[in-house]
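Biologist: I'm new to this one, so could you take me through a single part of it up close? I'd like to hear how the pieces of one chain meet, and which charged pairs turn up there.

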Amino acid sequence: MEETAAKPRRSGGGGRQCCICHERRPALKRPKTLEQIATFLLRLHEKSCCINRSTEMLALKICRECFYAVFEEEIHQVIVENQLFKPGERIGIGASGGKDSTVLAYVLSELNKRHNYGLDLFLLSVDEGITGYRDDSLETVKRNEVQYGLPLKIVSYKDLYGWTMDEIVKMIGLKNNCTFCGVFRRQALDRGAALLKVDKLATGHNADDIAETVLLNILRGDIASLNHVFTYAYFKKLDYFSTECIYSPNAYRGFAREFIKDLERIRPRAILDIIKSGEDFRIATSTKMPEQGTCERCGYISSQKWCKACVLLEGLNRGMPKLGIGRSRGLNSNQMKTDKPTSRTKSIESKQCGSLDF
Amino acid sequence: MACNGSACQSGCYKKGDELAAPEEGGAAAASNSNSNSSSNGSGNNLCVKCKVKEPFTVAGGGGGEDGRFCAECFRSNLFGKFRHAVTSNAMIGPTDNVLVAFSGGPASRVALQFVHELQYKAQKNFDASRDRSLPVFGVGVAFVDESAAHLPSSDKAMDQAIEDVKSLVLELSPPAKELHHFPIESICSGDSSDQREKLKEVLNAVTDATGKEDFLVHLRMLALQKIASENGYTRVVLGSCTSRIACHVISATVKGRGYSLPADIQYVDARWEAPVVLPLHDCLAQELNMLCHLDGLKTIELPYEPQSTINSLISSFVALLQEENPSRESTIVRTAGKLTPFAFNRIPEINDTNVPLATRRRQKRSSLKLNGSISSESFCPMCYSPLIQSKVQALDTPEASKTNSYIFGSSCCSSCRFQILPQDPLCMEHFYSHLPPPLVARASSGNAHDIRSLREHIQDYLLLDSDNEQ
């Protein structure tokens with residue numbers, strides 16, 4: 001195990017106070033993303049910096065207010081440096097009701113006011129129709145609508161497709177349910193976004209999610225989707241926590257998650273290093289996405305004759321749950337034979353619940 | 001995740017082995033897809049390749065390979081993968097002098113064995129041929145002794161291990177092979193006690209356990225290159241197998257080395273004076289273990305304590321995944337194989353007329369999609385990984401304070417800067433002053449490689465007599 005670095009020298013006395021403001025009492029010790037905070041503080045306080053460049057800054061203590069300030073400022077920097085938004089844009093915030101999207105909604109609306117981004121913000125939520133899981137979180141989102149004053153739109157699988165996830169699982173079991181949910185959710189969000197006429201969609205995916213996705217794509221053989229993992233806005237996370245969908249006890253993703261947890265314990269910055277690696281991967285441009293046409297059945301974007309959701313729906317409606325699952329099956333079978341792992345269709349197939357590519 | 005036939009997307013071992021088997025082992029691959037047995041060599045089962053003998057089993061289960069091949073076919077399948085890698089990447093030519101890096105472990109043992117068998121056959125052909133036109137390549141064995149880095153003082157177990165290595169190499173003749181027992185501290189400057197001192201100093205300066213382990217790997221490569229250049233070897237053979245490469249893919253990703261990753265995982269790495277080749281690239285650790293077991297190939301265990309590092313975490317992780325799905329390691333390597341390699345990931349073209357035309361032709365044919373850009377890479381002096389040009393740091397401090405150690409540190413990649421280099425400037429000075437000369441020389445020589453790679457790119461356009469084929 002690593003040795004800890006020497007304690008940093010301080011400009012003021014004993015280290016009892018918040019390291020930033022030196023006034024208030026510290027409320028937090030060792031937040032997970034120490035390295036980012038350290039780097040950020042370095043930028044802020046070049047001279048009077050009480051930090052040495054090692055990441056194992058166990059003695060760093062911040063008070064709550066400074067913590068908020070640091071966190072919000074960090075997100076603002078990400079937005080500004082990457083030019084994520086333009087004034088006047090309508091932005092949909094993917095809101096699950098979970099911790100990440102709640103934080104996202106709050107912070108975005110705060111920063112929008114504070115820094116005058118000039119954005120029109122909306123909350124967009126997807127109701128998959130999973131009793132006991134989604135009901136609770138939707139209540140949270142409805143509260144967010146009131147608390148932050150952001151208009152909310154809920155799109156439900158029932159409305160869009162005529163099926164809830166509960167009904168789907170009842171029909172097809174627990175094996176490929178994540179495939180259905182993933183495909184449907186993506187379309188649902190897109191359709192919701194279209195209904196709201198938003199220009200961009202912001203999600204609360206955090207560094208850990210992205211790192212996990214990068215890793216899983218390598219393990220699965222999916223290099224092409226590494227490209228569009230990084231086209232989403234991402235926000236750094238502070239507490240590692242996640243609510244698993246009740247339908248996905250999945251040993252495979254479990255391994256990856258355990259591994260990332262262990263990794264983070266040994267070297268916290270590894271999560272960000274994974275993302276950096278993903279960004280730097282030398283992927284030939286030929287492995288990018290295929291041509292985009294439209295689905296004959298519903299008009300949604302599709303690289304095949306029918307979009308994936310329609311294929312799956314057809315299967316459900318006809319009582320053929322395997323339609324669209326597996327290779328060289330279903331209506332698009334001729335096209336599917338020429339599918340390379342690069343095609344979006346196939347990469348969606350192999351996606352599991354909770355992956356970035358909804 | 002349970003494999004369930006056609007619905008399974010994971011590319012489970014049935015398909016995985018198809019992809020792993022080389023063209024020459026095509027019979028095995030074809031019969032794989034026909035056989036649907038997952039049983040363990042009971043009764044009716046015949047070897048999937050020769051369909052004559054019974055498959056061998058390993059007590060307690062050997063995983064994917066168990067109960068499919070008979071011993072003969074298993075061995076020839078494995079050797080087939082090795083030979084395919086060697087020929088299609090022009091790894092070993094008749095005029096080459098090959099240095100096999102031997103660690104004592106099963107993979108490098110098999111590498112040594114297979115290279116020996118290749119050489120033995122070549123020697124037999126040479127003896128039998130009338131015109132003796134094709135010379136036989138030479139083989140030497142390098143054993144880099146890292147005991148100074150791991151053990152406090154001289155160790156009986158270590159001494160015994162070294163004796164075992166010596167006798168092992170003696171047995172691998174004819175043709176006879178020279179053994180180079182190289183204590184790793186020898187790459188440092190000074191006399192032997194100076195060297196040990198310097199090595200200890202420099203290792204102690206690295207506080208991160210993973211960084212220390214990786215640093216030792218870089219020193220090991222330096223040692224191998226030194227042996228090669230001092231003894232006229234033209235190739236370095238490593239026993240790196242699919243499993244090891246899979247771990248490297250994950251560890252490089254996790255250390256933020258995604259850009260340089262493809263450089264390390266190809267069949268050929270010609271960044272070095274003596275290009276490094278990986279003939280066991282397509283063999284799984286499990287297969288290599290099994291072969292050692294089957295053929296009684298002696299391996300030598302070294303008395304080092306295992307360290308708890310990111311690398312060991314990753315090994316366990318990959319082993320766990322492999323257990324759950326026997327094609328996982330291959331999938332990882334295949335995925336990473338889709339990343340664009342570098343120009344140095346192939347054997348440099350030979351224009352020496354002494355080298356047979358057939359060999360030169362074979363080289364030209366080896367189709368590896370490379371990054372065609374002529375712009376040269378710059379390299380991290382510590383780990384020799386290619387650096388992203390746009391991220392090569394500008395030195396923004398005043399000229400006067402740019403000490404050599406500062407310059408060295410700034411030209412390293414961010415991963416080495418984080419996990420290897422000491423943070424404190426004074427510690428860094430101390431560290432730098434004890435670094436082995438070859439490492440230090442790299443920082444200044446910088447572009448020696450670039451000129452070579454540049455020449456390579458314009459090779460086809462140069463008018464040389466030797467290129468006129470009749």
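Modeller: Here's a walk through chain B, starting with its domains and moving on to some salt bridges. Keep in mind that this is a predicted model.

Chain B splits into domain 1, covering 65-364, and domain 2, covering 389-461. Where they meet, 27 residues of domain 1 of chain B touch 21 residues of domain 2 of chain B. Together the two domains bury about 2100 Å², with 59% of that on carbon and sulfur atoms. On the domain 1 side, α7 (192-204) and α8 (209-231) of chain B each give at least two residues, and α8(B) has the largest share, with 7 residues. By class, that side has 13 nonpolar, 5 polar and 9 charged residues. Even so, 0 salt bridges turn up across the interface between the two domains of chain B, though there are 3 residue pairs in polar contact.

For salt bridges, look elsewhere. Helix α8 of chain B holds D214(B), and its partner K255(B) sits in the loop between α9 (242-254) and α10 (261-264), 41 residues away. Their closest N and O atoms are 2.6 Å apart. K255(B) is buried at 5% relative accessible area, and D214(B) counts as buried too, at 12%.

Another pair is R75(B) with D295(B), at 2.5 Å between the closest N and O atoms. R75(B) belongs to helix α3 and D295(B) to helix α11, so this salt bridge ties together parts 220 residues apart in sequence. Here R75(B) is partly exposed, at 24%, and D295(B) is partly exposed as well, at 30%.

Notes:
Residues numbered from 1 in each chain as written. Chains lettered and ligands numbered in written order. Predicted model: local features only at pLDDT ≥ 70, side-chain atom pairs only at ≥ 80, totals over all residues. Heavy atoms only, no water. Domains from an automatic or database assignment. Contact = heavy atoms within 4.5 Å. Buried area = accessible area lost by both parts, 1.4 Å probe. Salt bridge = Lys/Arg side-chain N within 4 Å of Asp/Glu carboxyl O. Polar contact = N/O pair within 3.5 Å; in protein donor to acceptor, adjacent residues only side chain to side chain. Helix = DSSP H or I, 4+ residues; strand = E, 2+ residues; numbered from the N terminus. Nonpolar A, V, L, I, M, F, W, Y, C, P; charged D, E, K, R; others polar. Buried < 20%, exposed > 50% of the residue type's maximum accessible area, 1.4 Å probe, protein only.
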